[in-house]
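The following exercises concern a single protein chain and are to be worked with its sequence and coordinates at hand. Each task is followed by a stepwise solution.

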Amino acid sequence: MKEGDIVLASFPQADGRTKNRPALVLREIPPFNDLLVCGISTQLRHYVGEFDEMISAGDSDFPTSGLLRNSVIRLGYLLTQPRGDFVGKIGSISRERHVKLLARLGNFLPRLSRPPKKIFGVIPARYASTRFPGKPLHLIAGKPLIQRVVERCKLAQSLSEVIVATDDARIQDVAQKFCRVEMTRADHPSGSDRIAEVGARRDCDAVVNIQGDEPLIDPAVIDAVAGALADNEMSTAATRIRDAAEYDNPNVVKVVVNSAGRALYFSRRTIPCLRDAASGSAVEQLAAFPFLKHLGIYGYRRETLLRLVKFPVSPLEAAEKLEQLRALENGIQIAVVRVSYDSVGVDTPEDAARVEKILLNHR
């Protein structure tokens with residue numbers, strides 16, 4: 001499948017289910033080559049003049065389209081999915097039509113001032129931890145946990161610099177041997193507030209907040225989150241839930257997104273509720289719907305980050321204990337990139353031993 005192809009895509013319906021419908025591949029989106037598609041409808045009344053495109057039996061590329069009836073190419077009905085989620089190709093349109101549609105779409109999509117060029121990867125690191133005191137300095141296969149995270153971040157192609165943000169001199173002493181360290185106040189209520197202090201005093205266009213307890217973080221995920229900031233104020237990542245043990249786990253945060261790939265809501269509850277399958281087991285529900293697990297990585301335009309931390313804790317944030325809800329409640333849209341990577345975090349000494357075993361087995 002490539003740009004200009006007409007494929008079958010699984011579009012969400014109003015009842016929460018999905019349905020295979022024809023769609024046009026508009027763009028491939030790096031770094032994972034996901035596909036941005038728009039829906040195609042035979043309901044001609046959906047046509048929006050000067051925006052949508054009619055494709056009819058008299059058009060030169062109609063025979064190659066695979067369509068059976070006159071249809072509307074709906075530029076306002078966008079969906080982004082991994083290419084492996086598409087059912088298959090049914091046809092294609094002409095290159096001339098494809099170029100015209102991309103130009104038209106670009107005229108209607110609001111763009112931010114300019115894509116960020118100088119992007120810092122910032123890793124908040126605290127020494128105090130109820131379950132694992134001193135976690136950032138715990139040795140994993142001979143290196144401190146924080147060093148393992150930094151080394152993975154430095155493999156990302158999008159980051160101009162990797163910085164550890166901490167309020168502890170012990171972490172500073174160790175981390176400054178392999179990256180820049182910024183000392184921050186000790187009273188920050190969240191990681192976002194800590195990295196905002198760094199962003200406020202450093203010259204950068206954007207910041208990616210990377211969790212300091214993920215020594216196996218995929219650099220491509222960092223690049224995907226950073227790349228989403230080209231057209232968005234804020235970004236994050238999600239992956240499909242496949243483990244039934246995570247379905248009802250409140251420590252596994254769920255996210256639902258709209259057809260443009262932006263977050264509608266995050267929750268510790270399992271969302272959405274499958275009304276017609278509510279009595280089914282976790283395994284059955286995971287098979288019936290692509291539930292998404294939120295990964296704790298965030299990208300921010302610098303001005304967005306500094307604006308965000310000035311807002312007070314929002315009611316939904318206080319209820320769910322999820323700081324990203326502060327952004328949604330204050331009108332900041334969050335782009336969600338879908339990835340195949342699943343986080344392997346270190347919350348306990350047992351987790352550290354498990355990660356160490358993974359690293360030693362891959363030497």
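A pocket, on a 1 Å grid over the protein atoms alone, is an open set of points with protein on both sides within 12 Å along at least five of seven lines, and its lining residues have an atom within 4 Å of a point. A volume is the space filled by probe spheres set on the grid points, which are joined across faces, edges and corners. The model is predicted: local features need pLDDT of at least 70, side-chain atom pairs count only at pLDDT 80 or more, and totals for chains, interfaces and linings use all residues. Residues are numbered from 1 along each chain as its sequence is written, and side-chain values use heavy atoms, with hydrogens and water left out.

**Exercise 1.** Characterise the largest pocket and its lining.

Step 1. The largest pocket holds about 1,800 Å³ of space.

Step 2. Its lining comprises 46 residues; Arg131, Lys135, Gln211, Asp213 and Asp347 lie nearest the centre.

Step 3. Helices (H or I, at least four residues) and strands (E, at least two) are DSSP runs, numbered from the N terminus. Among the elements giving two or more residues to this lining are strand S7 (119–125), H5 and helix H11 (349–361). Strand S16 provides the largest share, five residues.

Step 4. Classify the lining, with Ala, Val, Leu, Ile, Met, Phe, Trp, Tyr, Cys and Pro as nonpolar, Asp, Glu, Lys and Arg as charged, and the others, Gly among them, as polar. The result is 14 nonpolar, 16 polar and 16 charged residues.

**Exercise 2.** Determine why helix H5 is described as largely enclosed.

Step 1. Apply the burial criterion: buried means under 20% relative accessible area (1.4 Å probe, protein chains only).

Step 2. In H5 the buried residues are Ser192, Asp193, Arg194, Ile195, Ala196, Glu197, Val198 and Gly199.

Step 3. Eight of the 11 residues in H5 (residues 191–201) are thus buried, so the rest of the structure largely encloses this helix.

Step 4. For the protein as a whole, buried residues make up 48% of the 363 residues.

**Exercise 3.** Establish the strand order and pairing of the six-stranded open sheet.

Step 1. Two strands pair if DSSP finds at least two bridges between them.

Step 2. The order is S4-S5-S3-S2-S1-S6, with antiparallel pairing. Strand S4 (53–55) and strand S6 (88–92) are the edge strands, each pairing on one side only.

Step 3. Examine one pair: S3 (residues 34–41) and S5 (residues 71–81) are antiparallel over seven bridges. Leucine 36 has threonine 80 in S5 as its bridge partner.

Methods. Buried < 20%, exposed > 50% of the residue type's maximum accessible area, 1.4 Å probe, protein only. 1 Å grid on protein atoms, 1.4 Å probe; cavity = no way out; pocket = protein on both sides within 12 Å on 5 of 7 lines; lining within 4 Å.
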